[in-house]
Amino acid sequence: MPLFQNAVFHTTVANLRDLPQDAISEVAFAGRSNAGKSSAINTLAGRVRLAFVSKTPGRTQHLNYFTLAAGKYFVDLPGYGYAKAPEEIRTQWEGLIGPYLSRRGPLVGLVVIMDCRRPFTELDCNLINWFRPTGRPIHILLSKADKLSRQEQTKVLREVKAELANWGDGRYSVQLFSSLKKTGVEEAEAVLAGWLGIELPQKAAKENKGPPDKGSPGAKMPQQGQGTRSGR
């Protein structure tokens, strides 16, 4: 069952002055248009249309807030890199996203969605280089992993990890993700729950149960005539 299954749409923000005042912690999702950002949010929430998946890249132009718990949010940022977007919309994105990423106090981390077949495009790198000076963590979802073979997945994951290692600290992480196959969900949940201060559900007791102690109710008692030597 998805950890963020209770997520609901909260508000759309077109101006920084309208950002929620009750925010305690929030995680922003960013990605190049058509990288699968909205699909990733929907998958993490276990919903079909929580975040709108547009057939027209670049349609989402504002910050969309989704409530996870009191004061805790996912924030869907406008997709970037859509070449046909009018210049005035690009300007609006830059005026909204830049100040939000650099100055938003409750922002605890950034999830960057990259198509696993084309990681680290120039636009991805520009966004990451903008955000890194904030000192907040970045988690990369290599989306559409189902489009690659297992060998190809391993190769691209290794290459991206090597790049992150060059950045010099432990604030950056990466994983494979597929909205279609629902793979990588638990790994992403663990990262985001840690950032947001949301407790992960306990594993089923039987998964952590070891062999019963000798003499405990669960221990098997030797049947009569077994396990001991006769005095004869």
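Let me start with strand β2, residues 25–31, and strand β4, residues 72–76: they run parallel and are joined by five bridges. One pair to find on the screen is Val27, whose bridge partner in β4 is Phe74. Keep in mind that this is a predicted model.

β2 also pairs with strand β5, residues 107–115, again in the parallel sense, over six bridges. There, Gly31 has Ile113 as its bridge partner. For anyone new to this, strands of a sheet pair through backbone hydrogen bonds, either parallel or antiparallel.

How many of the residues of β2 are buried? Seven of its seven. Both faces of the strand are covered, with Ser25, Val27, Phe29 and Gly31 on one side, and Glu26, Ala28 and Ala30 on the other.

Now the whole sheet. It is open, has seven strands with mixed pairing, and reads β1-β3-β4-β2-β5-β6-β7 in order. At the edges are β1, residues 8–13, and β7, each of which pairs on one side only. From one strand to the next, the twist averages 25°.

At the β7 end, β6 and β7 pair in the parallel sense through five bridges. His139 is matched there with Ser173 in β7. Two helices pack on this sheet. Helix α3, residues 122–131, touches β2, β5 and β6, and its direction makes about 165° with that of β5. Helix α4 touches β6 and β7, and makes about 175° with the direction of β7.

Let me stay with α4, residues 150–165. At 1.5 Å a residue, its 16 residues should span 22 Å, and the end C-alpha atoms are 23 Å apart, which agrees. Which of its residues are buried? Gln153, Val156, Leu157, Val160 and Leu164 are. Seen down the helix axis, the buried residues fall within an arc of 100°, so they line one face of α4. The general point is that an α-helix has 3.6 residues a turn, so residues three or four places apart point the same way. The cover over the buried residues of α4 includes β6 and β7. On the other side of the helix, Gln151, Arg158 and Ala165 are exposed.

Last, the cores. The largest nonpolar core has 36 residues, and Leu77, Tyr100 and Leu142 touch the most other members. Leaving aside neighbours within four places in sequence, the contacts of Tyr100 include Leu16, Leu63, Val75 and Leu107. Apart from that core lies another, of 22 residues, with Phe4, Phe29, Leu44 and Leu68 among them. Phe29, you may recall, is one of the buried residues of β2.

Definitions and conventions
Residues are numbered from 1 along each chain as its sequence is written. This is a predicted model: local features need pLDDT of at least 70, side-chain atom pairs count only at pLDDT 80 or more; totals for chains, interfaces and linings use all residues. Side-chain values use heavy atoms; hydrogens and water are left out. Helices (H or I, at least four residues) and strands (E, at least two) are DSSP runs, numbered from the N terminus. The expected span of a helix is 1.5 Å times one less than its number of residues. Buried means under 20% relative accessible area, exposed over 50%, partly exposed in between (1.4 Å probe, protein chains only). The arc is that of the directions from the helix axis to the C-beta atoms. Contact means heavy atoms within 4.5 Å. A nonpolar core is a set of buried Ala, Val, Leu, Ile, Met, Phe, Trp, Tyr and Cys residues joined through side-chain atoms within 4.5 Å. Two strands pair if DSSP finds at least two bridges between them. Axes are lines fitted to C-alpha atoms, for helices over the stretch in contact, and angles run from 0 to 180 degrees between N-to-C directions.
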